[in-house]
Amino acid sequence: MDIKITANSIKQLCENVSYNRGLAFFNAGKVEITSLTDDLCEAIVHAAEDFYIRVERQDEKNYKATCSCPKLDHFTLQCQHVAATLLAIEEQQRLTGMN
Ligand SMILES: [Zn+2]
């Protein structure tokens with residue numbers, strides 16, 4: 001992804017509970033990145049069932065994330081699967097020296 005993702009930006013997108021659950025998925029190795037380009041990342045989070053996540057780059061600073069899990073109507077922040085995926089992307093960027 002040609003955009004810088006940091007732990008802080010993930011925390012802004014996801015509330016604390018989702019962030020912490022996402023971190024647990026990530027640490028447990030449940031995130032599988034299936035496709036990663038400058039503009040798009042697709043991943044599968046292997047939770048109780050598999051959830052499919054897409055993270056699309058919007059511009060220099062913004063990205064839009066969607067997940068296949070059923071979200072509650074009032075739940076406007078991102079879910080734990082998106083948090084886990086963003087953490088995995090952030091790690092990839094660190095490993096490849098982008099951060
Ligand atoms: Zn989800």
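Accessible areas here come from the Shrake-Rupley method with a 1.4 Å probe, and for residues only the protein chains shown count as cover. On that basis the protein chain exposes about 5,900 Å², with carbon and sulfur atoms supplying 46% of it. The model is a predicted one, in which local features need pLDDT of at least 70 and side-chain atom pairs count only at pLDDT 80 or more, while totals for chains, interfaces and linings use all residues. Residues are numbered from 1 along each chain as its sequence is written, and side-chain values use heavy atoms, with hydrogens and water left out.

As for overall build, the protein chain holds 3 helices and 4 strands, both being DSSP runs numbered from the N terminus (helices H or I, at least four residues; strands E, at least two). Read from the N terminus, the order is α-α-β-β-β-β-α. The C-alpha atoms fit a box of roughly 35 × 25 × 20 Å along the principal axes. The radius of gyration, taken over C-alpha atoms, is set against a globule rule of 2.2 Å times the number of residues to the power 0.38; the protein chain has 12 Å, which agrees with the value near 13 Å for a compact globule of 99 residues. Of contacts (heavy atoms within 4.5 Å) with a separation of 6 or more, 52% involve residues 24 or more positions apart. Buried residues account for 37% of the 99 residues, where buried means under 20% relative accessible area, exposed over 50% and partly exposed in between (1.4 Å probe, protein chains only).

Now to the strands, which pair if DSSP finds at least two bridges between them. Strand S2 (residues 40–46) runs antiparallel to strand S3 (residues 50–57), with 7 bridges joining them; Glu42 has Arg54 as its bridge partner in S3. A hairpin of 3 residues makes the S2 to S3 connection. On to strand S4 (residues 63–67): S3 pairs with S4 in the antiparallel sense over 5 bridges, and a hairpin through 5 residues links the two. Here Ile53 has Cys67 as its bridge partner in S4.

Cys67 turns up again at the zinc ion, whose protein donors are Cys67 (SG), Cys69 (SG), Cys79 (SG) and His81 (ND1), at 2.1 to 2.3 Å. Donors are N, O and S atoms within 2.8 Å of the metal (3.2 Å for Na, K and Ca); water is not among the atoms, so sites may look incomplete. The donor residues follow the spacing C-x1-C-x9-C-x1-H. Cys79 counts as buried because its relative accessibility is 2%, and His81 does so at 4%.
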